[in-house]
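Hi,

Here is the structure I promised to pass on. Have a look at it first, and then read my notes below.

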Amino acid sequence: MRYLGINATFHDPAAALVVDGEVVAAAEEERFSRRKHGKRPVPFSAWELPEQSMRWVLAEAGITAEELDGVAYSFDPAIAVEIPDDPYDYLRLDYVRRAPGFIAEALPGLDPVKVSYVQHHVAHAASSGLAGPYRSGAVLVSDGRGEGHSHLAGEYVDGELSILARQELPDSLGLVYESLTDHLGFLRSSDEFKVMALASYGSPRFLDELREDVHATGDGGFTARAPDWERFAPRRIDDGTWGGAHADLAASVQCVVEETLVELARWLRERTGQRVLTMAGGTALNCVANSRIWREAGFEDVWVQPASGDSGTALGAALTLAQQAGDLACPKPTAALGRRWDDDELAQWLTTAQVPFTTPGSREALATEVAGILEQNGVIAWFDGRSEFGPRALGFRSLLANPMHAENLERLNDVKGREQFRPVAPMVLEDRAAEIFSGGPLPSPYMLFTHEVAPEWRDRIPTVTHVDGSARIQTVSDRDNPGIAALLRAFDERTGVPVVVNTSLNTAGRPMVDDPRDALELFGSAPVAALVLGPHLVRRAGFFA
């Protein structure tokens, strides 16, 4: 059976396709439209569908709209409540109610009666509980808002979801974090990760006072409402400076959110007795909080959906329909669900663009050449395999660099045009990770937890060691990404360091590179030494000869 999942109500519009119980493809609309997050989460944009990603996932599977058995839309207007302080929210709900007709118009041949609504937080839950490695386990969802709630706690038993607690709006950990993001001069519903990074530069000196506004209530729920931020620090203008009271406020809110999430997870552990926890929702992209949950909540394992934001609800909605039809296959977790090109197609792109390139002939030969460039401190644009579904670059669309030079952090942030307090992440060979990193789960293939860098390694890999001694790692194996694994081995042979810097293949304010044209445009405009396009290698010297 064939089920299409769609997220379109707020931000990060996306589409996913499940065929015979298996996830075939998933993509975010921003990768096609080249508009960050696809659209802004305002009522007037709710009618906009991820039309390009919808059509692509169908084409990837070779099926037509007529052949779909169902379409799942990840928001249910029947249980939605209007936001009282937004006079236009009724438009959002009106557009959502009309979504079946909009979808049928975008996909000619689709009968609109095949479109059904899946509750927003149920779709989030399914994206971790059904797409992850466990079909039984506790599930925790937290974000800004769904139809009328901001949180779901429950458990899956053999793929069946039982909801144990929800938190009604306006209490919302995600909305508190969004509000602070805005107060600190960043773009809300977009730049929350900047607040998490800024928090490392501050001290949580406002924590006690903030606990009055944000805390768990002991029954699976919580209180979380944004205070008057001016009590703590004046509104910040994003002028490139940071620190002081603003960093202290970020640290305080980060800490109180962590505490609340840990208490929610502990309650869920005691209530269910489950040994594993799966997580989704925008708040689950907070890797610092995830690590505290892993350490302190009492679960044997914590698995977080790589596309935990709203894009992941497209995947969860499709899986929910498959589960309801008894059509789920064995889980095969991966974030590599996007577009891909074969070697000959990539060569044709380069030939058409009249770009000189070489093809080293084997994965190991390519890795050896690239490792040499990295050893000489060149930055690499790496484009290989299927693009990632979700916000993290995982070695398919990445910028890579040498981690042994402290100045490379500033260099990479300059290349990307972003704030200097932003960290970059290490990729590490899975079988070497425990030598260097601790305090978080291993393996950690999706860059969703922070780990402590061993003291003896901090000076060896200063680029990826954050100011607090932590790093948001990604472990790599031949199973997950043989090309990057080969590169890490080659770099280790040259330097004795099984780590490279990984950051997303984009520049500030732009979506991650997705197709070869995007890669060539970035390579032509950014100061990187070489571009890897599948098995092909373009060196800057040859490109501009």
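Before the pockets, one bit of vocabulary: helices and strands here are DSSP runs, with at least four residues for a helix and at least two for a strand, and they are numbered from the N terminus. Keep in mind too that this is a predicted model.

Let me start with the second largest pocket. Strand β12, residues 301–304, gives the largest share of its lining, with 4 residues. The volume of this pocket is about 540 Å³. Its lining has 25 residues, and those closest to the centre are Trp 303, Pro 333, Pro 445, Tyr 446 and Asp 480. By type, the lining of the second largest pocket splits into 18 nonpolar, 4 polar and 3 charged residues.

Next, the enclosed space. How many cavities of 30 Å³ or more does the structure hold? The count is 1. The largest cavity has about 30 Å³ of space in it. Around it sit Leu 140, Val 141, Ser 142, Leu 261, Met 279, Ala 280, Thr 283 and Ala 284. Two strands, β6 (137–142) and β11 (276–280), each contribute at least two residues to that lining, and β6 has the largest share with 3. In the lining of the largest cavity, 6 residues are nonpolar, 2 are polar and none is charged.

On the outside, you may want to look at a nonpolar surface patch of about 390 Å², made by Val 42, Phe 44, Tyr 88 and Tyr 90. Tyr 90 belongs to helix α3, residues 89–97. Its relative accessibility is 43%, so Tyr 90 counts as partly exposed, given that the partly exposed class runs between 20% and 50%.

Is Ile 293 buried or exposed? Ile 293 has a relative accessible area of 0%, so it is buried. This residue lies in helix α10 (287–296). Its C-alpha atom is 30 Å from that of Ile 6, and the two residues are 287 apart along the chain.

Now the charged pairs. The count comes to 36 salt bridges, and a few are worth pulling up in your viewer. In one of them, Glu 48 pairs with Arg 35, with the closest N and O atoms 3.9 Å apart. Both Glu 48 and Arg 35 lie in the loop between α1 (30–33) and α2 (51–61), so the pair ties together parts that are 13 residues apart in sequence. Glu 48 is partly exposed at 25% relative accessible area, and Arg 35 is partly exposed as well, at 41%.

Another salt bridge joins Glu 60 to Arg 340, where the closest N and O atoms are 2.8 Å apart. Glu 60 is in helix α2 and Arg 340 in the loop between α11 (312–324) and α12 (343–352), so this pair ties together parts that are 280 residues apart in sequence. Glu 60 counts as partly exposed, with 27% relative accessibility, and Arg 340 counts as partly exposed with 46%.

Glu 419 and Arg 422 also form a salt bridge, with 3.0 Å between the closest N and O atoms. Here both Glu 419 and Arg 422 are buried.

Last, there is a network of salt bridges that links Glu 28, Glu 30, Arg 31, Arg 339 and Asp 514.

Cheers

Conventions
Residues numbered from 1 in each chain as written. Predicted model: local features only at pLDDT ≥ 70, side-chain atom pairs only at ≥ 80, totals over all residues. Heavy atoms only, no water. 1 Å grid on protein atoms, 1.4 Å probe; cavity = no way out; pocket = protein on both sides within 12 Å on 5 of 7 lines; lining within 4 Å. Points joined across faces, edges and corners; volume = space filled by probe spheres on them. Nonpolar A, V, L, I, M, F, W, Y, C, P; charged D, E, K, R; others polar. Patch = residues over 30% accessible without salt bridge, like charges linked within 9 Å, V, L, I, M, F, W, Y side chains within 5 Å. Areas by Shrake-Rupley, 256 points an atom, 1.4 Å probe, with all protein chains shown as cover. Salt bridge = Lys/Arg side-chain N within 4 Å of Asp/Glu carboxyl O. Buried < 20%, exposed > 50% of the residue type's maximum accessible area, 1.4 Å probe, protein only.
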